[in-house]
Each structure stands twice: as C-alpha cells, then as structure tokens.
Amino acid sequence: MQRAAVRPTFGDRGISPMVAKPMVASRPYATYGLIGINLIIFAVCVLQARGFEMVRSQLFVDWALVKPWVADGEYWRLFTAGFLHFSVTHIAVNMISLYVLGRDLEIAIGIPRYLAVYFTALLGGSAAVMALGSGTAINAGASGAIYGLMGAVLVVVLKARVSPVPVISIIALNLVLSITIPNISLLAHVGGLVFGAAATAGIIFLPQWVLPQERRTATSVARVGWIAVAVLLVAAVAVSVGVGISYANTHILVG
C-alpha cells in the first residue's frame, strides 16, 4: 500500500476507521498487550524448564496442543497453545511479525474487532491441526493467529481498492517457507489464514452484501459483522470438539 514514496500504512490513506464506530486508539495497545502476554508466558516457561527445553516446563506441557490430550477433554489447549513458543527465535519472529502486521491493522478496524479476528484465526488454526494433523505432534505458537492477520490485511487492502499483489506475494512466500522449513505447522498457518481473512471479510464486506443501503446503520452493520465472527468462532470450536470426540472413540488416549 503506497502513496508515492511514503511508508505504507492504513492510516495515511485515510481509510481508518474502516468499520462502524470501532474502539479506536492512536497507538496499537492491543498489539502491545498481546506481545507482552506472549513474552511473559515464554519467560515463565523458560524459568520452569531452567532453559529452553520447553517440554520440561509444566505450563508448556499443560497448554500445548497435542491432539490426543485435546481429545481427552483438555479443550483449553486449542486456545492456550497460541501463547506458547519453542525457542527464542520462534517467539522473536512471531512477535516481530505481530507488531508489523498488527500496529496498523488494529487502528484500521478497531480494538474489539482486531482481537476478534486474532482469536478467530488462532482457533481456526487449532481446528485445522485437529482435523488434519498428526496425533503425535506437539503444536504451539502464535503463528496461526499471525497468518490470520495476514489474511485480514489482504481483505483491508481489497477494501481500500489498492493493488493486493504485495500482500499476496508475502502470503505466498510465507506459505512456501511453511512447506520447506521442517517442524513448522502448515496446517495451523493455513487454518489461521483462512479464518482470519473470513472474519475480516465478515466485518468489512458482509454488511454491504446483505444489507440494503437504507438499512446500513452503524448498529446494523456492527451486528452483521459480529454475527459473522461468532459463526466462525463456533465453527472452529465445533470442528475441534467434533474431531476430538471422534478421535477419542478410535484411539487409546494418554495423559
């Protein structure tokens, strides 16, 4: 997103806010908060493990997404795994990406909707892992939610009617890296990307698709957007729980 040689941001194109009456802020406070929470949890895991072998951390073991343990009824792992990281490099890359993507997106769509997109993408990534992932893999990281922010940025760019090619190129490059670099969960990335983009489209585009012009009040537009997000959240959880129940009926569970 460019205007001459000016650094690309959502704000400098005058498209903020992009939705009806979001809770806006002059700084990306929610993004800072998410980064802070991830860093604190990582520090606790390191202290518990007395190093960087994270499986020695009780918090990491209790929160990581492991398919058989989720199937055993530990459904909180679908959410908490998004706040865990395996190494300094892992959390550094994710937090830098979160800052770069989140700082302008949050201001463009507002704090509540930004957080809704983030957590929808997080749970969407977990749903993809549950549906198609290995029963032995340990899954952790904020990257599913961060890929959701990539999808959200693409939707915002389309709304702004500027070329989506740079964003699509970045997404494609990251997906290629997800395939070629070992020990990276492509499923979580794709699931997060799809759910994050869908949630943002539900917020930005769906109201104009389903509401006639004369009914597009701030209240009705917001209602349609939140209904879309709620449907996606329910779908992500339903897929994960459904797969968990099915998995529990066909495997011997551990833990």
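These legends go with a set of close-up views of one predicted model. Residues are numbered from 1 along each chain as its sequence is written, and side-chain values use heavy atoms, with hydrogens and water left out. Because the model is predicted, local features need pLDDT of at least 70 and side-chain atom pairs count only at pLDDT 80 or more, while totals for chains, interfaces and linings use all residues.

**View 1. The whole chain, with its 11 helices and two strands.** Helices (H or I, at least four residues) and strands (E, at least two) are DSSP runs, numbered from the N terminus. Starting at the N terminus, the order is α-α-β-α-α-α-α-β-α-α-α-α-α. Of the 255 residues, 49% count as buried, meaning under 20% relative accessible area; exposed is over 50% and partly exposed is in between (1.4 Å probe, protein chains only). The chain exposes about 12300 Å², and 68% of that comes from carbon and sulfur atoms (Shrake-Rupley method, 1.4 Å probe; for residues, only the protein chains shown count as cover).

**View 2. Helix 1 against helix 5.** Here helix 1 (residues 29–49) packs on helix 5 (residues 88–109) at an angle of about 165°, and their axes are 8 Å apart. Axes are lines fitted to C-alpha atoms, for helices over the stretch in contact, with angles running from 0 to 180 degrees between N-to-C directions. That angle makes the two helices roughly antiparallel, the word for angles over 145 degrees (under 35 is roughly parallel, 65 to 115 roughly perpendicular, the rest oblique). Contact means heavy atoms within 4.5 Å; on the helix 1 side the residues involved include Y29, Y32, L39 and F42, and on the helix 5 side they include V88, M95, Y99 and E106.

**View 3. V117 in helix 6 (residues 111–132).** With a relative accessible area of 0%, V117 is buried. Leaving aside neighbours within four places in sequence, V117 touches I109, G148, L149, A152, G196, A199, T200 and I203. Look for L233 too: its C-alpha atom is 9.6 Å from that of V117, though the two residues are 116 apart along the chain.

**View 4. Aromatic rings, with F205 and W209 as one pair.** The whole structure holds eight aromatic pairs. The F205 and W209 rings have centres 5.6 Å apart and planes at 15°, so they count as stacked. Rings of Phe, Tyr and Trp (its six-membered ring) pair if their centres lie within 6.5 Å; planes under 30 degrees apart are stacked, over 60 edge-to-face and the rest tilted. F205 is buried at 15% relative accessibility, whereas W209 is exposed at 60%. Elsewhere, F79, F83, Y118 and F119 make up one aromatic cluster.
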